[in-house]
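Me: I would like a close look at a single part of this protein, described slowly enough for a first-year student to follow on the model. Please choose one strand and explain what lies around it.

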Amino acid sequence: MATCLRLRSCPAPHLRRAPPSRVCRPRADCPVAPIRGYARGPAGLSSALLRTDGFVGGLWVSAAATFPVHDPASGAELGLVADCGVPEARAAVRAAYEAFCSWRGVSAKERSSLLRKWYDLMIQNKDDLAKIITAESGKPLKEAQGEILYSANFLEWFSEEARRVYGDIISTPAKERRALVLKQPLGVAAVITPWNFPSAMITRKVGAALAAGCTVVVKPAEDTPFSALALAELANQAGIPPGVYNVIPCSQKKAKEVGEALCTDPLVSKISFTGSTATGKVLLHHAANSVKRVSMELGGHAPFIVFDSANVDQAVAGAMASKFRNSGQTCVCSNRFLVQSGIHDSFVKKFAEAIKTNLHVGNGFEERTTQGPLINAKAVEKVEKHVSDAISKGATVVTGGKRHHVGENFFEPTLLSNVTRDMLCSQEETFGPVAPVIKFNTEEEAVAIANAADVGLAGYFYSQDPAQIWRVAERLEVGMVGVNEGLISSAECPFGGVKQSGLGREGSKYGIDEYLELKYVCFGGL
């Protein structure tokens, strides 16, 4: 409760911003636990960005306990991070709420300028930020560098969208009346993010929220808190006011109670979550009691359909990009490969050759590496379970199929053929480097298999038939479709799913609407 008491006596909007080069020390009459400041971390990581404490109300604040963060490639400890609990979560919400009272009145132009400064700092520090991602998530460095550019693009995009929030004037039947529609910020947004894109999933949400005039409390995944804290350091340097961007890292042990505290706090107006469908349902239940606005980007089970008319080489290239990015640990990764019988054998042969030739398993910091580790032992066990289940039911291992000798969290890029719909890999999201191939005969059959899932985030298909392209694109029950394309995400386009893959959209011109509410104003007596 120390943090809460400190915030009561030191309202967040009046706190001085912590200088970027040092830890801000609280006043003597506002006691908190000792502040540790920076993690030493492994060689090569920026000590200026590798923070270990929570960031609340413009101050770096510690907690009574800490939790370790490990490199999934080697198992080495990267540092001990503040294990924030319910008191720290409530303090962060209060700081965000108090900051919202002034932030909502800041002009769109000024909010735009601050987001742009944050973007500029991300670009200036892109190499150091990428190394942090690789260290805590295992992602190959080249992919981490790509994520930082993708992540920064959301700040740039929403810095521009901040000045494009328009209302309406509506004609009314009565001559003496005028009707206006205003768009206003919702308030405090609780942002809960996953480990697989530890930077981009934050900026995609936070960029929109801050552009709209909301303030945020970010709870990053326990596996990858350093990226969120590095973003806090740069936000502070950019001049984002105290309390507008807050970060409360916590261990897996405390994640449930902290998530519940954020979703039930009456000062929180919006919940934005990216993660599993099961966790999303729990958060929705908590948010329902106070009828909070929610955005949910949940699990996927993406089909990748290859029709007989497809260009096989293009389809293989798309499959490689879609399946094996981040070792198959993305929510839009292709999880089921449906290949028409006339092209099936050719596709499987070329796909196997591409896997063997182009994919190299290793530590993410090694230049040759294209496939890093899975995030933890539990993830590896799930992949093993899916592969074993498929083999026991008649699937054939074309290549891969077992753990890699590099380390405990590494798994070989795997291609399975003769896969059937009753196998786990056909029914569940694997979230790993496994490509199961199902043979089909007709377009109707492929669409039926693709749509059988209760989730619908992304879907892909390859075809050279214009009529078929229109039919299938419209019939696939997903929120995003890649036609002859395996990589579909960009800041300019709406990201989100249908069915149990979530609610709302992120990115694009539509993303900022998730943090705005409409107000109708009727002027009479004119």
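Reply: **One strand and its neighbours**

Val191 stands opposite Val218 in strand E8, and this position is a good place to begin reading the model. The model is a predicted one, in which local features need pLDDT of at least 70 and side-chain atom pairs count only at pLDDT 80 or more, whereas totals for chains, interfaces and linings use all residues. Residues are numbered from 1 along each chain as its sequence is written, and side-chain values use heavy atoms, with hydrogens and water left out.

Strand E8 covers residues 215-219 (strands, of at least two residues, and helices, of at least four, are DSSP runs numbered from the N terminus). On one flank, strand E7, made of residues 188-192, pairs with E8 in the parallel sense over five bridges (pairing needs at least two DSSP bridges). Between these two strands the chain passes through helix H6, and the resulting β-α-β crossover is right-handed (clockwise from first strand over helix to second, with the strands pointing away from the viewer).

E8 also pairs with strand E9, residues 245-247, again in the parallel sense, here over three bridges. To find this pairing on the model, look for Val216, which stands opposite Tyr245 in E9. Helix H7, formed by residues 225-238, belongs with E8 and E9 to a β-α-β unit that is right-handed.

How many of the residues of E8 are buried? Five of its five residues are buried, and the strand is described as mostly covered (buried means under 20% relative accessible area with a 1.4 Å probe). The cover extends to both faces of E8, since one side carries the buried residues Thr215, Val217 and Lys219, while the other carries Val216 and Val218, which are buried as well.

Helix H6, through which the chain crosses from E7 to E8, also leads to another part of the model. Together with helix H5 (141-161) and helix H10 (312-324), helix H6 (200-212) is among the helices that each supply at least two residues of the lining of the second largest pocket (on a 1 Å grid, a pocket is an open set of points where a 1.4 Å probe fits, with protein on both sides within 12 Å along at least five of seven lines, and lining residues have an atom within 4 Å of a point). The largest share of that lining, five residues, comes from H5.

Definitions and conventions: Buried < 20%, exposed > 50% of the residue type's maximum accessible area, 1.4 Å probe, protein only.
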